[in-house]
Amino acid sequence: MTTISYAPKPSPGDLIAVISPSAGLPGLFPRPYELGLERLRKEFGLEPVEYPATRRTGSTPQERAADIHAAFADPDIKAVIASIGGDDQITVLPLLDRELIRANPKPFFGMSDNTNLLAYLRNTGIVAYHGASVMVELGRPGAMHPQTADSLRAALFTSGEYVLRPAEHWRDIDRDWADPATFDAEPETRPGTGWTWRNADQVVEGRSWGGCLEILGMLLMADREISHDLTEYDGGVLLLETSEELPSSDEVFRTLRNMGERGLLQRFGALLMGRPKTWSFERPNSPEEATRYAAGQREAVVRALEVYAPDIPVIFDVDFGHTDPQLVIPYGGTIRVDGPARRITVTY
């Protein structure tokens, strides 16, 4: 079993590395990126340090790997955060120096395509953090969602238990970053709908693994950062969420089915399923279409679990994925799912 531990936390005034391990979108959309950097300084008291590929579109996997190495190796850098996700971080993984990173453990924050790096760090023995990229959550128009800001502050600066709460208001409809008017006001939100619990008669505590479902599918196909010793995942808490690509219910089912056929899905003690994003610029679903999409995804998840893991607790619509707010989840850290109390507690 991999020994996983929490890296030392930064303090206000410390340096935080800002890197683009996937897409160099800060070069294309500077407004949300600069806003995110400003909030790191003013609201969190951290000093961002950029690296050569951070704003470079079309950077090579070698250049991005070099930035990761430089960020972890620098003793003055106390944490690392991704600017945003992308779609090819899997090509960076074989270039990383595991011993260098293991010798310089630091908290890393990212999600979406950064599921690659989160899984890599867990296998390296370092608890990382699913959530809070610079451009999306920190660069949110108007202000950060208060629940995102509160969980990020706790994850950055504190150690110990933190109780997650369902979103009071949320959204999944985006506005165009290229339009300056996007940043004149906060985005519109809708009332929260709470979480939905299945098999809520149990209490499960374990270390987390998972992330963006589409990226996990890539890792499974490439056979990267998935332990061949499946006992590594026994009793753990599985995190799953889907992206703005809006995978079909069939795609979701097939990925979970393949995890089950590999013998992986049934290893976990509980599943946290992120609230699905139901709208994108390519598929601007109506409210009715969005409701049908979310219901279809839930049915696909239940269908797979009924075959491979029928008895595990499942909590749907947890706010940690591609919707807003985005709660920060320790990746490889401890999560307690208390079904009778309807409570999820993470350990930062």
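**View 1. A185 sits in a loop between two strands.** In this predicted model, the loop that holds A185 runs between β7 (169–170) and β8 (190–191). Is A185 buried, exposed or partly exposed? Its relative accessibility is 38%, so A185 counts as partly exposed.

**View 2. The neighbours of A185 include P141.** Leaving aside residues up to four places away in sequence, A185 touches P141, G142 and R175. Take a moment for A185 and P141: along the chain they are 44 residues apart, yet 6.1 Å separates their C-alpha atoms.

**View 3. Eight strands form an open sheet.** Following the strands across the sheet, you meet them in the order β6-β16-β15-β10-β11-β12-β13-β9, and their pairing is mixed. Which strands stand at the edges? These are β6 (161–163) and β9 (196–198). Each has a single partner strand, so one side of each is left without a neighbour in the sheet. On average, neighbouring strands here are turned by 25° against each other, with direction ignored.

**View 4. Strands β11 and β12 run parallel.** Now look at β11 (residues 237–241) and β12 (residues 270–274), which are joined by four bridges. For a pair to pick out by eye, try L238, whose bridge partner in β12 is L271.

**View 5. Helix α7 packs on the sheet.** This helix spans residues 213–222 and touches both β10 (203–212) and β11. How is α7 directed relative to β10? The direction of the helix makes about 80° with that of β10.

How values were computed. Residues are numbered from 1 along each chain as its sequence is written. This is a predicted model: local features need pLDDT of at least 70, side-chain atom pairs count only at pLDDT 80 or more; totals for chains, interfaces and linings use all residues. Side-chain values use heavy atoms; hydrogens and water are left out. Buried means under 20% relative accessible area, exposed over 50%, partly exposed in between (1.4 Å probe, protein chains only). Contact means heavy atoms within 4.5 Å. Two strands pair if DSSP finds at least two bridges between them. Axes are lines fitted to C-alpha atoms, for helices over the stretch in contact, and angles run from 0 to 180 degrees between N-to-C directions.
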